[in-house]
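Work through the following exercises with the sequence and the three-dimensional structure open beside you. Try each task on your own before you read its solution.

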Amino acid sequence: MEVSGLPVELWQLILSYLRLPDLGRCSLVCKAWYELVLSLDKTRWRQLCLGCLEHRHPNWPNQPSVEPRSWREAFKQHYLASKTWTKNTQDLESSNCLSLFRRRKGRRQLCVGAAGEFSSLRAALAAASPYDCLVLLPGVHEEQGEVLLKVPVEVVGQGNLGDVALLASIDQHCPTARLCNMVFMPARFTSVLYKTTSGYVQFDNCNFESGQLQIHAPGTCQVKFCTFSQSSIHLRSMALCVLENCEFTGSENASVTVEGCPSSDRNWACKHLAVLAKSCTPSMQEPDPAGCPTAKQDGWGESLLGPVRTCEIVVGEEQSSFLSAVGARALLGSAQEDTEFRENLQAAKEEECPALNSNSSDSDLHSDDEEDAQAVYKLPYQAHSLSHTLADVTHSRLQSNRLHALQRDLKLKSLQQELQQDKEAQSLANSLQGCIIRQCLFRDGKGGIFIYAQGQAKLEGSIFRDLTYAVRCIQNSKVIMLRNDIHHCKASGIFLRLSAGGLIADNNIHSNCEAGVDIRKGANPLVLCNKIHSGLRSGIVVVGNGKGIIRSNQIYGNKEAGIYILYNGNPAVSGNHIFQGLAAGIAVNENGRGQITGNIICENQWGGVDIRHGGDPVLRNNLISCGYSDGMVVGEHGKGLIEGNVIYGNKGCGVWMMSSSLPHLINNEISHNSIYGVAVFCRKDHAADYSHGQGRSESFQEEREGAGGENDSDSEEDYPAAQRPISVALVELNSINHNGAAGLHVKSSEALNIIANVIHANCDDGVTVLQSSQLTCIANNSISCNSREGVLVEAECQVELRGNGIYENSSHGIVSKGEGVIAENDIIGNHRCGLQLLQAADMKVTKNRIQSFRDYGIALFDEAKGLVQENLIFQGTSKKSILRPMSNAEDCIIQNNVLLTFKKRFDMECMLINPPARPHIEGGAPESCTAADGQRVSSITTRVDGGCHNHGSIFCTIL
């Protein structure tokens with residue numbers, strides 16, 4: 001009959017009454033009939049799938065309200081899976097089509113029950129032939145002793161699930177069996193419901209209550225659409241078994257225990273289970289491009305996190321737009337507070353540094369003449385060794401391009417991209433060995449899955465909730481977790497220790513009472529592309545020589561540190577987005593280490609990175625931005641190599657350091673932070689003051705005791721920071737610019753080296769040294785265009801300033817009340833004095849080149865003393881004395897200084913040529929210093945005005 005003879009709707013109505021075999025025959029008639037049968041997906045195929053007593057909804061128990069993509073395909077998979085137990089014989093191969101099951105000749109159906117042929121299961125098994133079907137009639141079937149299953153049979157409960165209850169302990173001795181549609185309860189004499197040590201067993205649509213399944217290699221099993229109530233499965237040395245669409249509730253211990261290395265002695269069913277597992281493997285899908293997920297709107301997630309915002313950094317063309325949209329709003333909200341802070345700070349500095357009350361002629365200059373005066377007296381300094389770095393921070397487009405490139409490089413990778421680049425992760429994701437657990441629900445019990453003694457398990461698409469822990473993997477075991485949901489655990493969600501490993505990828509781990517992932521004692525997993533959020537403690541904890549590769553995760557909204565490393569934990573942390581935490585983004589404590597590279601750490605309530613108490617990590621190329629406190633905190637006895645990071649737009653300091661710490665801060669971009677760029681304090685930082693509260697209830701006693709032992713020799717070879725000898729904190733080659741207070745604020749009781757930094761356009765002093773009981777060395781820095789002094793040194797501070805370029809600061813170049821050395825600096829173009837010595841300053845000032853645009857080159861006040869000699873002082877716009885000693889101290893020696901005044905206008909590039917403009921760092925490439933017309937300057941006449949010291953000064957002419 002032609003299909004076109006009737007409307008399609010009428011055909012669909014007719015075909016909806018056909019049984020499964022008849023549908024199969026109709027689909028074989030022709031292509032039109034085949035397509036017509038396929039069109040019944042949401043009608044007849046749905047009825048067949050849901051009406052089968054051996055199956056449940058394809059997405060049960062996790063998403064029973066979500067329809068599958070194809071009901072026909074789901075029914076086909078269920079049907080083929082239910083016939084796996086028959087594939088151990090040659091004459092019972094299942095057909096690939098959905099036609100009749102080819103039954104074995106003589107296969108019988110034996111009824112067990114009060115109205116059946118046999119009164120007990122034991123009697124029916126004694127009379128059964130291989131592959132017979134034993135039907136248990138509705139009722140309770142109880143066996144007094146252990147039942148031995150010696151022939152392959154199928155045991156099916158009649159009626160709906162729950163109508164048949166079997167109280168027995170079954171020991172399988174045959175190669176294959178299937179049990180379906182029954183409630184298993186333990187016999188009075190044992191809690192073991194079923195066990196096998198050699199054969200294959202298949203459970204479909206069963207309930208297990210208060211008992212245990214024991215499957216030992218080379219035996220194996222397939223369990224599907226089953227419920228375990230206060231029951232568990234123990235799998236030993238399993239080569240391959242499959243648990244799908246099962247629900248585990250109320251377990252007193254682990255719901256599934258996987259013990260022992262996968263056996264090399266493989267059961268006949270393993271190859272069929274492997275084919276079935278591969279056919280059901282879900283594809284690796286790209287993550288939702290909408291951004292970070294919102295927290296679950298239930299329980300703790302909502303109360304901790306509230307609305308979750310994106311962590312993407314929006315970069316604009318102007319400097320003010322480099323913050324993320326959210327971060328910008330947050331900073332604007334506190335603009336009034338920051339303004340008040342800066343005004344108070346400015347007033348305090350005015351009191352500390354009294355203005356020079358002079359009658360110099362530049363005070364009478366009109367604003368219209370300012371530009372001409374600058375053209376005459378300005379000494380170009382742009383050719384110094386750090387000029388290329390200075391160009392990046394002064395040119396908004398260059399800085400914008402750099403942040404654009406950084407954001408692009410740090411873009412979060414999808415799991416598919418990670419697997420393409422990491423062959424080890426790809427191999428783990430595709431492996432089929434041990435216990436395969438898919439689309440299961442573990443809830444309201446003590447434990448989910450326990451893997452030990454080299455066991456191996458693969459978990460996909462399952463939900464773990466309201467347990468003590470979800471997964472515990474120890475003793476060289478391996479766990480592979482893909483696309484699971486783990487939340488509201490009373491302890492850590494995933495716990496790995498004792499050299500455990502594996503792959504934890506694309507999971508949603510949230511709202512757990514302890515860490516989302518806990519890695520200890522040599523465990524070394526791959527943690528990729530997870531969402532770890534809304535935890536009551538840290539997101540990830542790495543403790544006690546734990547390792548691991550933590551990459552491309554979104555870690556946000558946790559109550560404590562997003563990643564917490566301590567007691568010699570040494571993970572590789574890269575490419576993660578760590579944001580909106582209620583404490584630090586990353587905390588490294590108690591001799592923790594780690595390679596922390598290429599992460600975006602933003603919008604955290606406390607420091608983006610917190611290092612203290614022996615923490616010694618390597619931090620490279622991270623973006624630490626928009627935090628509500630300091631960008632980075634290096635607390636008491638903190639260490640580490642901090643290199644190549646961008647620390648931007650934080651509401652506190654860019655970097656806050658304790659003077660007792662020994663970090664190496666090198667080549668970082670520290671800019672647009674609301675307070676100091678880098679601050680060094682000497683306040684005693686007791687452990688009790690560490691209000692992160694990390695580990696207050698977690699058990700770290702074993703790790704604490706083992707922390708003093710030897711480190712892993714293999715990790716030492718890959719960790720140069722652990723071997724480098726550092727005795728003085730070092731701030732080197734950083735760009736510290738556009739911060740809300742001083743670029744570098746020092747209040748230290750320890751020695752400090754500040755070398756070759758660009759300190760530019762900060763809203764207060766370039767460098768402020770308020771306390772320095774040991775020597776602070778400030779060498780080869782470019783300190784320019786800051787809103788107040790270039791360098792301020794308070795009383796009783798020990799400072800060595802050498803080889804710096806201090807240019808065009810809005811107040812004095814250097815103001816010192818302390819003691820030390822100021823040698824070989826270029827102090828040029830500052831708006832007030834080049835160098836001012838106050839109170840009881842005791843400085844040796846030698847071989848500097850000094851010019852103040854409007855004021856004195858060098859001014860001495862009060863009881864300032866020391867040695868001022870062999871300095872080259874250029875005239876500014878002031879027509880009064882260039883060097884004006886005002887100190888009354890008799891031991892202040894001023895001698896052999898060269899004072900230069902200009903008689904006519906000419907090109908001034910040659911004035912900073914021998915040596916070139918400072919800072920002059922070995923390997924720098926200063927530009928040529930010839931005049932624009934190719935001619936040399938003929939002469940500069942010099943003179944001295946004002947009072948002279950008893951040693952006098954030298955009049956000279958430079959030809």
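**Exercise 1. A strand with two partners**

Task: find out how strand S24 is paired with strand S27 (residues 501–505), and then look for its other partner.

Solution. Begin with the pairing itself: S24 and strand S27 (residues 501–505) run parallel and are joined by five bridges. Strands here are DSSP runs of type E with at least two residues, helices are runs of H or I with at least four residues, and both are numbered from the N terminus. Two strands count as paired if DSSP finds at least two bridges between them. Within this pairing, Ile-480 has Leu-503 in S27 as its bridge partner. Next, turn to the other partner, strand S22 (residues 456–460), which runs parallel to S24 and is joined to it by five bridges. Here Val-479 in S24 stands opposite Ala-457. Finally, consider the cover of S24 (residues 478–482), where four of the five residues are buried. A residue is called buried under 20% relative accessible area, exposed over 50%, and partly exposed in between, using a 1.4 Å probe and protein chains only.

Before going on, note that this is a predicted model, in which local features need pLDDT of at least 70 and side-chain atom pairs count only at pLDDT 80 or more, while totals for chains, interfaces and linings use all residues. Residues are numbered from 1 along each chain as its sequence is written, and side-chain values use heavy atoms, with hydrogens and water left out.

**Exercise 2. The two faces of a strand**

Task: decide which residues of strand S67 (residues 849–852) point one way and which the other way, and name the strands that pair with S67.

Solution. First sort the side chains: Arg-849 and Gln-851 point one way from S67, Ile-850 and Ser-852 point the other way, and all of these residues are buried. Then look at the pairing with strand S64 (residues 826–830), which is parallel and extends over four bridges. In it, Ile-827 stands opposite Ile-850. Strand S70 (residues 872–874) also runs parallel to S67, and three bridges join the two. The bridge partner of Ile-850 in S70 is Ile-873.

**Exercise 3. Salt bridges between parts of the chain**

Task: for the salt bridge of Glu-143 and Arg-122, work out which parts of the chain are tied together.

Solution. Start from the general idea that side chains of opposite charge can pair when their charged atoms come close. The rule used here asks for a side-chain nitrogen of Lys or Arg within 4 Å of a carboxyl oxygen of Asp or Glu, and by this rule the count comes to 31 salt bridges. In one of them, the side chains of Glu-143 and Arg-122 meet at 3.9 Å, N to O. Glu-143 lies in the loop between strand S3 (139–142) and strand S4 (147–149), whereas Arg-122 lies in helix H6 (residues 121–127), so the pair ties together parts that are 21 residues apart in sequence. Glu-143 is buried at 5% relative accessibility, while Arg-122, at 37%, is partly exposed.

Now repeat the reasoning for Lys-195 and Glu-146, whose side chains form a salt bridge at 3.8 Å, N to O. Because Lys-195 lies in strand S10 (residues 192–196) and Glu-146 in the loop between S3 and S4, this pair ties together parts that are 49 residues apart in sequence. Lys-195 is partly exposed at 28%, and Glu-146 is partly exposed at 32%. As a last step, find the network of salt bridges that links Arg-107, Glu-154, Arg-178 and Asp-204.

**Exercise 4. Apart in sequence, and in space**

Task: state how many residues separate Met-843 and Gly-818 along the chain, and give the distance between their C-alpha atoms.

Solution. Locate Met-843 first, in strand S66 (residues 842–846). Met-843 is buried, with a relative accessible area of 1%. Its C-alpha atom is separated by 7.3 Å from that of Gly-818, and the two residues are 25 residues apart along the chain. A second pair can be treated in the same manner: Gly-598 and Gly-644 are 46 residues apart in sequence, and 9.7 Å apart in space, C-alpha to C-alpha. Gly-598 is found in the loop between strand S39 (595–597) and strand S40 (600–602), and it is buried, with a relative accessible area of 15%.
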